[in-house]
Amino acid sequence: MAKLGNRVSPTARKSSHEILGEARTIAVVGASRDPRKAGGSVPAGLQARGFRVIPVNPHADTLFGERVYRTLLEIPEKVDIVDVFRPSADAPEIARQAAAIGARALWLQLDIRSDEARRIASDAGMDYVEDECTAVVASLYRIRRTAA
């Protein structure tokens with residue numbers, strides 16, 4: 001079992017900071033145009049730390065200076081982490097799409113939990129984090145990328 005922040009997950013093989021520390025490209029599902037929302041501020045912060053951020057939002061064309069994709073299935077490049085800023089009810093479908101594109105990890109942000117998404121991720125061999133913030137983990141462990 002791997003430690004996730006202060007929690008232990010029976011399905012994760014790595015800790016949250018190990019997962020984030022190994023990542024370069026993060027697809028952000030629910031990326032927001034509003035910088036006051038977590039879906040706007042967290043991806044911008046990850047990008048400032050050198051991560052390649054790929055926004056996923058059906059209602060925007062460009063966010064964080066990047067092209068926005070409507071779904072994960074449209075992303076033409078390798079994704080290390082799918083970072084989810086959507087309600088828990090949406091997580092299973094996002095997990096299925098993450099598995100379909102071969103993402104290495106599924107990360108559900110603070111207050112987002114889903115037993116079904118966890119099962120889908122585990123069955124697909126993905127690492128899994130829930131109810132944790134990528135920005136907090138990046139800050140606590142001083143995780144930065146020199147080039148995204």
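Visitor: Just so I have the terms right, axes here are lines fitted to C-alpha atoms, for helices over the stretch in contact, and angles run from 0 to 180 degrees between N-to-C directions. At what angle do helix H3 and helix H4 pack, and how far apart are their axes?

Guide: In this predicted model, helix H3, which covers residues 91-100, packs with helix H4, residues 115-123, at an angle of about 10°, and the two axes are 8 Å apart. Angles under 35 degrees count as roughly parallel, and H3 and H4 are therefore roughly parallel to each other.

Visitor: Which residues make that contact?

Guide: From H3 the contact takes Ala91, Pro92, Ala95 and Arg96, and from H4 it takes Glu116, Ala117 and Ile120. Sorted by character, the residues of this contact are five nonpolar and two charged, with no polar ones.

Visitor: OK, over to the sheet. How many strands form it, and in what order?

Guide: Five strands form an open sheet in the order S4-S3-S7-S8-S9, and the pairing is parallel. Strand S4 (52-56) and S9 stand at the edges with a single partner strand each, so one side of each is left without a neighbour in the sheet. From one strand to the next, the twist averages 20°.

Visitor: How many bridges join S3 to S7?

Guide: Strand S3, residues 25-29, runs parallel to S7 and is joined to S7 by four bridges, and within this pair Ala27 stands opposite Val82 of S7.

Visitor: And on the other side of S7, what does the pairing with S8 look like?

Guide: Strand S7 (residues 81-84) and S8 also pair in the parallel sense, over four bridges, and Ile81 has Ala105 of S8 as its bridge partner. With H3 included, S7, H3 and S8 make a right-handed β-α-β unit.

Visitor: What about H4, then: which strands does the chain link through H4, and is that crossover right-handed or left-handed?

Guide: The chain crosses from S8 through H4 to S9, and this β-α-β crossover is right-handed. S8 and strand S9, residues 127-129, pair in the parallel sense over three bridges, with Trp107 opposite Val129 in S9.

Visitor: Trp107 catches my eye. Which way do the residues of S8 point, and are they buried or exposed?

Guide: Along strand S8 (residues 105-108), Ala105 and Trp107 point one way and Leu106 and Leu108 the other way, and all are buried.

Visitor: Switching to helix H2, which strands does H2 touch?

Guide: Helix H2, residues 38-48, packs on the sheet and touches S3, S4 and S7, and its direction makes about 155° with that of S4. In H2 the buried residues are Gly39, Gly40, Val42, Pro43 and Leu46, and the buried residues of H2 pack against S3, S4, S7 and also helix H5 (134-140).

Visitor: What happens to the backbone just after H2?

Guide: Just after H2, Gly50 takes a positive phi of about 100°. As background, most residues other than glycine have a negative phi.

Visitor: Which residue other than glycine has a positive phi near 55°, then?

Guide: That is Phe64, whose phi is near 55°, and Phe64 lies in the loop between strand S5 (62-63) and S6. Asp111 is also a residue other than glycine with a positive phi, with a value near 70°, and its place is in the loop between S8 and H4.

Visitor: Is Asp111 buried or exposed?

Guide: The cut-off for exposed is over 50% relative accessible area; Asp111, at 59% relative accessibility, therefore counts as exposed.

Visitor: Last topic, the loop between S6 and S7. Where does Pro76 sit, and what is the accessibility of Pro76?

Guide: Pro76 sits in the loop between strand S6 (66-67) and S7, and at 63% relative accessibility Pro76 counts as exposed. Pro76 and Ile101 are 25 residues apart in sequence, and their C-alpha atoms are 9.0 Å apart in space.

Visitor: And Thr71, what does Thr71 touch?

Guide: Thr71 is also placed in the loop between S6 and S7, and at 27% relative accessibility Thr71 counts as partly exposed. Not counting residues up to four places away in sequence, Thr71 touches Val56 and Gln97. Thr71 and Ser41 are 30 residues apart along the chain, and their C-alpha atoms are separated by 20 Å.

Notes. Residues numbered from 1 in each chain as written. Predicted model: local features only at pLDDT ≥ 70, side-chain atom pairs only at ≥ 80, totals over all residues. Heavy atoms only, no water. Helix = DSSP H or I, 4+ residues; strand = E, 2+ residues; numbered from the N terminus. Parallel < 35°, antiparallel > 145°, perpendicular 65-115°, else oblique. Contact = heavy atoms within 4.5 Å. Nonpolar A, V, L, I, M, F, W, Y, C, P; charged D, E, K, R; others polar. Buried < 20%, exposed > 50% of the residue type's maximum accessible area, 1.4 Å probe, protein only. Pairing = 2+ DSSP bridges. Right-handed = clockwise from strand over helix to strand, strands pointing away.
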